[in-house]
Amino acid sequence: MKVSALTLVRNRREHLVNLIVSLEAQQQCPDELVIAWMQPEPETDLPRTRFPIRHVMVEGDALPLAKARNQAVNAASHEALIFLDVDCIASPTLVSRYRDALAQQSALYIGEVHYLPANAVSYHADGTLDLARLATLGERHPARPAINEQEIRFEPDHGNLWGLSFALMRQDHQRAGGMDEGYIGYGGEETDYAWRLAAADVPLYWVGGALAWHQHHPMYAPPWPHFEAIIANARRFYQRWEQWCMEYWLNQFSEAGAIRWSPKADSIEVIRQPTQQEISTARLPASARYG
């Protein structure tokens, strides 16, 4: 079975280079990498690989994440798809574990993601990634289960899909209607996609051995820089599903007095915009691995 790896990029050159190097170091490389560029021009002088790299340009000033994923799928040459966030570094068995799982059963598969602190990524003198250092420094999110390397575990709750690392067949992506491109900017589109897949009867499984490490980048808690997008996307999600997503963030915004909302409400009322002081204060220190 041939597989296409897909990633989305906006202003993450260093992270992308690390991702590409990790894909080149796979026990079984992907058969291609499709990069959906959410920026005016693609990066040049990327690492050489044994597999082809294909480029897709995606228009949109706000982060067009759903649109970029759909365009990456459309550009992919193969039916088996592995989505990797550009912030990921793939462990050497990630591609082979996803490929084997998809070959056994068409489903939605997610692998473990361990989070790295700042300055965790380093290289050996021969130009290879120091994977032992990543394995030592990587930390599993407390809300995520530990998976045995050879395990494939059924997950009944599609809400556990996080878009950092997952795999499925193109036919299942299409059967679910793809991603809703009405979600603009950050937040909500992945949960909506997961629920679309659940509605299309695509089962969800955890895959051991498909570990990815998440490279550090600046984070905010609450995510004030994405305030407007989160509100708009939460409203869109509720309109379709009559339930809220991103409740944790909405509750933080509510407690700060920026919105009037509760989990039992059927609407969100914006009271005010975040202040520059709030945005600055919400930026997490470099030691934080996740929000």
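This is a short talk on one protein chain, covering its overall dimensions, two helix packings and a few loop residues.

The model I am showing is predicted. I'll start with the whole chain. It contains nine helices and 12 strands. The C-alpha trace spans about 55 × 40 × 40 Å along its principal axes. For 291 residues, a compact globule would have a radius of gyration near 19 Å, and this chain has 19 Å, so the two agree.

Next, the helices. I'll take α7 as the reference, residues 227–241, and go through two of its partners.

The partner I'll begin with is α6, residues 189–199. The axes of α6 and α7 come within 10 Å and cross at roughly 20°. Angles under 35 degrees count as roughly parallel, and α6 and α7 are therefore roughly parallel to each other. Their crossing is left-handed. Which residues meet here? On the α6 side they are Thr 191, Asp 192, Trp 195 and Arg 196, and on the α7 side Phe 237, Arg 240 and Trp 241. Sorted by class, that contact has three nonpolar, one polar and three charged residues.

The other partner is α8, residues 247–255. Here the axes are 11 Å apart and the packing angle is about 120°. That value makes α7 and α8 oblique to each other, because roughly perpendicular runs from 65 to 115 degrees and roughly antiparallel begins over 145. The crossing of α7 with α8 is left-handed. From α7, the contact uses Phe 227, Ile 230, Ile 231 and Ala 234; from α8, it uses Trp 249, Leu 250 and Phe 253. How do these residues divide by class? There are seven nonpolar, no polar and no charged residues in the contact of α7 with α8.

Now some backbone details in the loops. Pro 222 sits in the loop between β10, residues 204–214, and α7. The peptide bond leading from Ala 221 into Pro 222 is cis, with omega near 0°.

Asn 11 is in the loop between β1, residues 3–9, and α1, residues 13–24. What is the sign of phi at Asn 11? Its phi is positive, about 55°, although Asn 11 is not a glycine.

One more asparagine, this time for its side chain. Asn 160 is in the loop that connects β8, residues 152–154, with β9, residues 165–169. Leaving out residues up to four places away in sequence, Asn 160 touches Ile 110, Arg 144 and Glu 155. With Glu 155 there is also a polar contact, side chain to side chain, at 3.0 Å.

To recap the helices: α7 runs roughly parallel to α6, and α7 is oblique to α8. Both crossings are left-handed. The α6 contact includes three charged residues, while the α8 contact has no charged residues.

Methods
Residues numbered from 1 in each chain as written. Predicted model: local features only at pLDDT ≥ 70, side-chain atom pairs only at ≥ 80, totals over all residues. Heavy atoms only, no water. Axes fitted to C-alpha atoms, helices over the stretch in contact; angles between N-to-C directions. Helix = DSSP H or I, 4+ residues; strand = E, 2+ residues; numbered from the N terminus. Left-handed = near helix turned anticlockwise from the far one by under 90°. Contact = heavy atoms within 4.5 Å. Nonpolar A, V, L, I, M, F, W, Y, C, P; charged D, E, K, R; others polar. Polar contact = N/O pair within 3.5 Å; in protein donor to acceptor, adjacent residues only side chain to side chain. Rg over C-alpha atoms; globule rule 2.2 N^0.38 Å.
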